[in-house]
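Here are my notes on the model you sent round. They take the pockets in turn and then two single residues.

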Amino acid sequence: MAWRCSAASNSGLIDNLASAHLLTTPRLISAFKAIDRGCFSPRRPYDDAPQALGFGATISAPHMHAAAAESLAAFLVPGAKVLDIGSGSGYLVAVFAKLVVQGDDEERGKVFGVEHIRELNEAARERFTAALGEDGERMLADGDVVFRTGDGRYGWPGEQFDAIHIGAAIPTVTDALLAQLKSPGKMFVPVGSPDESQYIYEITKDSAGNVTREQKFGVSYVPLADSHYYYARGSTIVPLTRTSDVGL
Ligand code: SAH
């Protein structure tokens with residue numbers, strides 16, 4: 001049960017996700033252990049629950065981050081190119097970077113995050129370097145990791161990716177987004193609107209370019225919407241609170 005995964009530390013949380021078989025791939029477990037969720041979640045970072053970031057956005061619950069990474073695991077390998085749409089806190093960008101940005105210049109992977117709220121995106125960059133230190137600064141300086149402020153409904157025009165994660169719900173997956181998936185490649189996306197049921201879809205493109213869509217499980221995500229929708233919900237970032245301040 002997802003909520004039973006809450007813990008008092010990052011490693012405790014990841015151990016609980018692994019014991020619940022929500023994280024099963026050893027190299028994913030190592031990456032999640034290496035990225036402290038405490039650098040990204042303003043409140044109660046090791047609770048298995050979403051937390052407010054400000055502007056109506058949330059950092060998703062740990063069990064959802066685990067499900068997304070496990071779903072995309074075969075494509076989150078050193079050298080892969082990954083897109084995170086609605087990157088919010090920047091947490092998954094950091095986990096993906098840990099997995100793919102490895103090796104020599106030519107073969108090093110890339111992780112691109114696109115988030116439309118500038119304030120959140122600037123905070124995400126800072127959270128990223130707080131979590132990854134000098135490695136993180138180097139990834140940003142070399143362009144291996146890029147946080148772009150923009151409308152994620154268009155994806156990242158002109159690029160193709162081995163894996164695409166979408167962190168907010170969309171009514172339908174457009175052909176333009178599908179075209180940004182490599183052959184082979186995989187997308188993890190919540191589909192639906194806030195008023196109706198939403199489901200996670202796994203969309204896979206095989207090496208011949210054939211696309212298959214699989215409906216997985218019901219979810220509740222904020223929408224991939226116009227930025228006005230978010231600016232209408234507040235205009236301050238929830239500041240990071242030190243773990244010791246919240247009595248964990
Ligand atoms: N995976 C992120 C999820 C953040 S919530 C995390 O765990 O931190 C979803 C995010 O999508 C919010 O930050 C919201 O601002 C962003 N978003 C919503 N609509 C968007 C759009 N059209 N373009 C880019 N980002 C969008």
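Which strands and helices each supply at least two residues of the lining of the largest pocket?

1. Strand 2 (57-59), helix 3 (62-72), strand 3 (81-85), helix 4 (91-100) and strand 4 (110-115) each do so. Please keep in mind that this is a predicted model.

2. The volume of the largest pocket comes to about 480 Å³. Its lining is made up of 37 residues. Those nearest the pocket centre are T58, S60, G86, G167 and V222. Sorted by class, the lining holds 19 nonpolar residues, 14 polar ones and 4 charged ones.

3. The second largest pocket encloses about 180 Å³. The residues lining this pocket are A97, K98, V101, Q102, G103, R108, D135, R138, M139, D142 and D144. By class, 6 of them are charged, 3 nonpolar and 2 polar.

4. As for the elements behind the second largest pocket, helix 4 and helix 5 (118-142) each give at least two residues to the lining. Helix 5 has the largest share, with 4 residues. Helix 4 also supplies at least two residues to the lining of the largest pocket.

5. S89 sits in the loop that runs between strand 3 and helix 4. Is S89 buried or exposed? S89 counts as buried because its relative accessibility is 4%, and the cut-off for buried is under 20%. A polar atom of the S89 side chain lies 3.1 Å from the backbone nitrogen of Y91. Setting aside residues up to four places away in sequence, S89 touches F40, L53, I59, A124 and R127. Of these partners, I59 falls within strand 2 (57-59), while A124 and R127 fall within helix 5 (118-142).

6. A163 belongs to strand 6, which covers residues 161-166. With a relative accessibility of 0%, A163 also counts as buried. Which residues is A163 in contact with, leaving aside its neighbours within four places in sequence? They are L72, F75, L76, K81, V82, L83 and K186. Among them, L72 is in helix 3 (62-72), and K81, V82 and L83 are in strand 3 (81-85).

7. One longer separation can be added for A163. Between its C-alpha atom and that of D105 there are 20 Å, and the two residues are 58 residues apart along the chain.

Conventions: Residues numbered from 1 in each chain as written. Predicted model: local features only at pLDDT ≥ 70, side-chain atom pairs only at ≥ 80, totals over all residues. Heavy atoms only, no water. 1 Å grid on protein atoms, 1.4 Å probe; cavity = no way out; pocket = protein on both sides within 12 Å on 5 of 7 lines; lining within 4 Å. Points joined across faces, edges and corners; volume = space filled by probe spheres on them. Nonpolar A, V, L, I, M, F, W, Y, C, P; charged D, E, K, R; others polar. Buried < 20%, exposed > 50% of the residue type's maximum accessible area, 1.4 Å probe, protein only. Polar contact = N/O pair within 3.5 Å; in protein donor to acceptor, adjacent residues only side chain to side chain. Contact = heavy atoms within 4.5 Å.
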